[in-house]
Amino acid sequence: MFLLPYPAGKRFAFTIVDDTDGATLENVGPVYECLRELGFRTTKTVWIEPPRVGEASSGSLGDTLQRRDYSEFVESLHEWGFEIALHNVTGDSNRREQVLGGLEAFRAQFGRYPRMNIQHEKNRENLYFDFAQDSGRLRAEFSTRAARWIQRAVDRTNGRTVERAKPHPCCGEDPDSPYFWGDLCRSRIQYVRTNVFLCELDTIRTSPHIPFHHDDTPWVNYWFDCSNGADRERFTELLRERQVRRLIDGCGCALVYTHFGKGFCEAGPRGFQLNPHVRRRLERIASRRDGWFAPASEVLDRLLAFHKVLLGGFPGGMLVENGNPYPLRSVTIWDAPRRRYWLVGGSEIEADEEGRIVLPTLSAGSRMALVGRDVCRQASRWNEDSPPGWRKDIGMLANKAFERLYAKLCHRRAWRVREES
Ligand SMILES: [Zn+2]
């Protein structure tokens, strides 16, 4: 038996974080139409304003919320259930007052602060950039040094390497810098992406601890890593059949990082059209009914909650505990097909034909025991064997009468002793 963090008996999770570099209404609109049609709800990042003239690199160009029809398009995505997140306030460096203004503008438009920020390139207000680029904390895929060396060589020839730390001028965490906004980040934003990009579609296979907090980076609540689908080629490569099968078989969780503005749609006589190869890849995943397709922050919320959910087995049953101060809905346990359990003193639960058991709610800080038929029978027999109420009452009355009689005898004996003396 094992526990899955996905709701409603889902077997795997798939979501996308779209970096807004190069994105315009024209070149990403068809991607989102397709995602919506297929039932995906992913995360789109936005810029509030364009970069200031003369400072922006080519990667910092694209539509911002200042373009009316693009802004309306982003609002409609939000209404359809897509998550709107921030890619810093603009594509170039932002001082504290600019960040503050951008966060407030975001809240005015979407009714709340963004839950996620994706740090853009080397914007000076980026937080803990050395830490963000450090892949040293990742779990090694191979245990021997020789195997790791071979893997690195293969990755290099395939152009799939984890980005190495480079010098940078970022200082968003430094209270003495005009670019400091760490306190704003901590009080308003829950998740910040690292700059570590993974080669595998199943993100939690290499990074099982996401989202994670680190004591050395106190202004960031939680970090998360992503699988690397940076542009159309890498995206379709990442979503190839073998990777998808591995994701599903391993009950994995894919957080794919990409730029939909980078070649996903091609200009034709009838405007921009989504690349058919990309569409096929997405259709293949959407066709799986056991996939959970929620925005990235929602997926991360669930992973975070499950850091404090424990499942323990014992002969004849299991115990599941929710250590969170809030209830969890739709908790999925995988066990043997059609195996039946009983809640102690409660109802019967049966795993489905694939072995899934879905517990509707696990209350805050609660434990729930599920026991097999034998244990359940023993529990009820023990209950049945306890004496009925009337027998307990007669026993207690007899006890009290005996205590009183004994006290009287002792009292008389004490007088007699005194008279004799
Ligand atoms: Zn970017």
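# Exercises on a predicted model

With 11 C-beta neighbours inside 10 Å, Arg338 counts as exposed, where a residue is buried if 20 or more other C-beta atoms lie within 10 Å of its own, exposed if 12 or fewer, and partly exposed in between, with C-beta atoms placed from the backbone. The model is predicted, so that local features need pLDDT of at least 70 and side-chain atom pairs count only at pLDDT 80 or more, while totals for chains, interfaces and linings use all residues. Residues are numbered from 1 along each chain as its sequence is written.

**Exercise 1. Locate Arg338, describe its backbone, and set it beside Tyr128.**

Step 1: Arg338 lies in the loop between S14 and strand S15 (340-343), where helices (H or I, at least four residues) and strands (E, at least two) are DSSP runs, numbered from the N terminus.

Step 2: Although Arg338 is not a glycine, its phi is positive, at about 65°.

Step 3: Tyr128, in the loop between S5 and helix H4 (129-133), is likewise a residue other than glycine with a positive phi, near 45°.

Step 4: Tyr128 has 23 C-beta neighbours inside 10 Å and therefore counts as buried, whereas Arg338, with 11, counts as exposed.

**Exercise 2. Work out the arrangement of the sheet that contains S12 and S13.**

Step 1: Begin with the pair itself, since two strands pair if DSSP finds at least two bridges between them; S12 (residues 309-314) and strand S13 (residues 317-322) do so in the antiparallel sense over six bridges, and Gly312 has Leu319 in S13 as its bridge partner.

Step 2: The two strands form a hairpin with two residues between them, and Gly316 in the turn has a positive phi of about 90°.

Step 3: S13 also pairs in the antiparallel sense with strand S18 (residues 367-371), over five bridges, and here Val320 stands opposite Met368 in S18.

Step 4: The full order of this open sheet of five strands is S12-S13-S18-S15-S16, with antiparallel pairing. S12 and strand S16 (348-350) stand at the edges with a single partner strand each, so one side of each is left without a neighbour in the sheet.

Step 5: Neighbouring strands of this sheet are turned by 25° against each other on average, direction ignored.

Step 6: For the cover of S12, the count of buried residues among its six residues is zero, and the strand is hardly covered.

**Exercise 3. Contrast S12 with strand S6 (residues 191-198), and name the partners of S6.**

Step 1: Seven of the eight residues of S6 are buried, so this strand is largely enclosed by the rest of the structure, whereas S12 is hardly covered.

Step 2: Strand S5 (residues 116-117) pairs with S6 in the parallel sense over two bridges, with Met116 opposite Tyr191 in S6.

Step 3: S6 is also joined to strand S7 (residues 222-228) by five bridges, and these two strands run parallel; Tyr191 has Tyr222 in S7 as its bridge partner.

**Exercise 4. Describe the packing of helix H1 (residues 25-38) against helix H2 (residues 68-79).**

Step 1: Two packed helices are described by the angle between their axes and the distance between the axes. Axes are lines fitted to C-alpha atoms, for helices over the stretch in contact, and angles run from 0 to 180 degrees between N-to-C directions.

Step 2: H1 and H2 pack at an angle of about 20°, with their axes 11 Å apart. That makes H1 roughly parallel to H2, given that angles under 35 degrees count as roughly parallel, over 145 as roughly antiparallel, 65 to 115 as roughly perpendicular and the rest as oblique.

Step 3: Leu25, Gly29 and Tyr32 in H1 meet Asp69, Tyr70, Phe73 and Leu77 in H2, where residues are in contact if their C-beta atoms, placed from the backbone, lie within 7 Å.

**Exercise 5. Describe the surroundings of His87.**

Step 1: His87 has its place in the loop between strand S4 (83-86) and helix H3 (96-110).

Step 2: His87 counts as buried because it has 29 C-beta neighbours inside 10 Å.

Step 3: Not counting residues up to four places away in sequence, His87 touches Asp19, Thr20, Thr45, Val46, Trp47, Ile118 and His120.

Methods:
Contact = placed C-beta atoms within 7 Å.
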